[in-house]
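Colleague: I should like a close look at one enclosed space in this model, together with the parts of the chain that bear on it. Please set out the definitions as you go.

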Amino acid sequence: MTRSNGHTAEFTGTTESPQYEVVVIGAGIGGICAGVKLQEIGIGDFLILDRVGGLGGTWYSHSYPDAGCDIPSTTYQFSFARKPDWDRLFAKRDQILEYLEQVAAEYDLPRRMRFHTSIIREEWDEDQALWRLHVDSGEVITARFVISAVGAYINPKTRPNIPGLDSYTGVSMHPAHWNHEYDFTGKRVGIIGVGASTMQIAPKLAAQVARLDIYQRTPQVYLPKPDFVLRPWMQRLLALPGGSAIANGLAQAVVDSLLRFAIYTPAPVWKAGARAVDFLGRHAYSGWVRYKVKDKKTREVLRPGFGIVCIRGGAGGDYLPTLNRENVDLITTGIAEITPNGIRAADGTERDIDALIVATGYEVFSDPESYKPGTVIGRDGFDLGVFYNTEELKAYYSTSVAGIPNRFLMIGPYSWTGTAFHYFVENSMRHIAAVIDETRRRGAVTVEVRPEAQERFHQGVIRSGRNLSYYLETRCEGSNTYFVNSQGKSPYIRPWSLVKTYRKATRFDREDYRYGRRVEVDVPTAASSAELARG
């Protein structure tokens with residue numbers, strides 16, 4: 001039974017001890033960060049779960065040709081585990097995965113990890129004040145606290161809504177599930193999608209295959225990639241006390257300045273400035289495309305007709321020059337259907353292929369559809385999936401949702417900030433660790449954000465993000481940007497300066513949360529009940 005005085009809830013009844021104090025779902029960058037920060041507040045009784053066969057998240061599952069980071073390596077690391085000896089300015093997948101494995105080993109995390117474990121349903125047990133996590137095998141794992149460290153790009157879209165996809169009889173794969181057994185040499189290959197994966201895959205495949213057909217729906221922005229080998233003297237410089245931190249700090253300062261400009265510029269100035277940036281940016285990009293791509297018709301379909309920063313873009317490296325090859329065709333007429341032997345374009349042209357690469361993106365954390373109804377059930381039947389799909393995405397400090405006690409998101413609405421994934425998951429985890437630590441300090445067993453605090457935070461973010469929302473929601477028509485979701489909202493970027501994000505992660509009002517204590521009661525045995533009955 002539960003009773004509350006409005007400030008602290010009390011639970012009475014028999015106690016079931018959870019198997020773990022904390023269960024972390026996801027063993028990628030977020031899960032590793034969670035394991036480190038939990039130990040910092042004295043929690044060693046935790047388990048990190050992942051559905052795949054090893055740690056590393058996206059870097060474990062994505063092993064396609066030339067997979068690597070498209071931002072400088074000096075920014076792609078934890079603040080508590082600086083790495084000065086990256087091989088290249090833009091690190092490749094194998095070295096990034098090796099780095100994550102080394103960090104995990106240094107903090108004794110592998111023995112607390114369990115793989116090939118998919119959680120299909122999470123249910124809050126109010127009477128026992130714990131979570132019951134249902135595994136696809138039928139097992140149930142219990143935990144006092146749950147931290148969702150699932151990544152920003154949650155599930156690969158392996159089954160896009162393209163007519164005839166199931167009829168295709170050749171070899172098919174997604175970048176997240178690369179088939180290393182298949183020999184592409186001399187083959188005819190079709191690749192659907194022109195995002196971050198394709199810009200790395202296409203140049204490598206083009207050199208092997210007989211023909212490469214690239215199907216583009218929406219033009220992207222492919223930026224220069226000034227990649228080079230980091231010489232020993234550069235690595236020594238980064239290894240000096242504060243060297244790597246300074247390099248990262250410079251990048252953070254640039255991002256912080258851009259965020260401050262976007263947030264604090266008066267609306268009329270921002271709107272005029274946005275038009276100017278788009279005008280100049282599109283012309284500058286057109287010049288870049290003209291320099292890299294020979295064919296005039298190809299150049300025309302590569303130029304975006306929407307705001308130049310509506311899409312994330314990426315360091316494209318060799319992608320644009322790849323389009324100059326005789327064996328590469330960029331097809332923009334749209335796909336009518338996929339046939340058993342190939343792809344029929346909207347103009348009726350059919351091309352036979354030996355292999356199909358479905359590089360059609362991912363379910364993103366800012367999409368309501370990524371949260372499936374019936375998978376996370378909180379207090380009084382509160383369903384996170386139903387809430388996010390019928391209301392809108394909101395969470396206190398991007399981590400806590402009212403109605404869901406003792407459960408936290410590391411990558412939640414309005415969480416993206418900084419130069420790389422590591423920065424914002426560290427900030428998220430600093431907040432989560434502070435909340436769990438406060439809960440334990442009070443001798444409580446449950447903690448839940450108050451609805452009014454959640455709404456106050458949400459409205460504050462909307463107010464500070466008005467300029468960004470204007471740009472993303474009005475100047476990006478036709479871009480298919482994942483910065484704007486199906487609800488017409490843009491809960492992707494946190495419209496705060498990096499300094500504010502860092503400081504506010506731990507400097508928040510602890511009373512914005514409601515804490516619950518357990519009061520133990522004696523349960524009469526059969527003998528004592530008989531004695532009571534006799535008077």
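How do the residues of the lining of the second largest cavity divide into nonpolar, polar and charged?

Modeller: The model is predicted, so that local features need pLDDT of at least 70 and side-chain atom pairs count only at pLDDT 80 or more, while totals for chains, interfaces and linings use all residues. Residues are numbered from 1 along each chain as its sequence is written, and side-chain values use heavy atoms, with hydrogens and water left out.

The lining of the second largest cavity has seven nonpolar residues, three polar and no charged. Here Ala, Val, Leu, Ile, Met, Phe, Trp, Tyr, Cys and Pro count as nonpolar, Asp, Glu, Lys and Arg as charged, and the others, Gly among them, as polar. The lining consists of Y414, V461, G465, L468, S469, L472, S490, Y492, I493 and P495. Helix α13 (residues 466-474) is the element that gives the most to this lining, with three residues. Helices (H or I, at least four residues) and strands (E, at least two) are DSSP runs, numbered from the N terminus. The space in this cavity is about 60 Å³. On a 1 Å grid over the protein atoms alone, a cavity is a set of points where a 1.4 Å probe fits but cannot get out; a pocket is an open set with protein on both sides within 12 Å along at least five of seven lines; lining residues have an atom within 4 Å of a point. Grid points are joined across faces, edges and corners, and a volume is the space filled by probe spheres set on the points.

The loop between α13 and α14 holds N480. Leaving out residues up to four places away in sequence, N480 touches R217 and T218, contact being heavy atoms within 4.5 Å. N480 lies 43 residues from D437 in sequence and 41 Å from D437 in space, C-alpha to C-alpha.

For the wider setting, a search of the whole structure finds four cavities of 30 Å³ or more. The largest of them has a volume of about 70 Å³. Its lining is made up of Y397, S415, T417, F424, N427, S428, H431, R494, T501 and A505. By class, the lining of the largest cavity comprises three nonpolar residues, six polar and one charged. Helix α11 supplies four residues, the largest share of that lining.

The second largest pocket also draws on α11, which gives the most to its lining with five residues. This pocket has a volume of about 300 Å³. Of its 16 lining residues, S79, N248, Q252, Y423 and Y502 lie nearest its centre. The elements that give two or more residues to this lining are α6 (243-264), α11 and α14 (498-504). By class, the lining of the second largest pocket has five nonpolar, seven polar and four charged residues.

Within α6 is S244. S244 counts as buried because its relative accessibility is 4%; buried means under 20% relative accessible area, exposed over 50%, and partly exposed in between (1.4 Å probe, protein chains only). Setting aside neighbours within four places in sequence, S244 is in contact with Q77, R82, K83 and L238.

Helix α11 also bears on the nonpolar packing. A nonpolar core is a set of buried Ala, Val, Leu, Ile, Met, Phe, Trp, Tyr and Cys residues joined through side-chain atoms within 4.5 Å. The largest core has 135 residues, of which F78, I147, F184, I214, Y319 and M410 touch the most other members. Helix α11 (residues 421-441) gives nine residues to this core, the most of any element. The contacts of M410, not counting residues up to four places away in sequence, include F424, V425, S428, M429 and I432. F424 and S428 also appear in the lining of the largest cavity. I147 and A149 are likewise among the residues that M410 touches.
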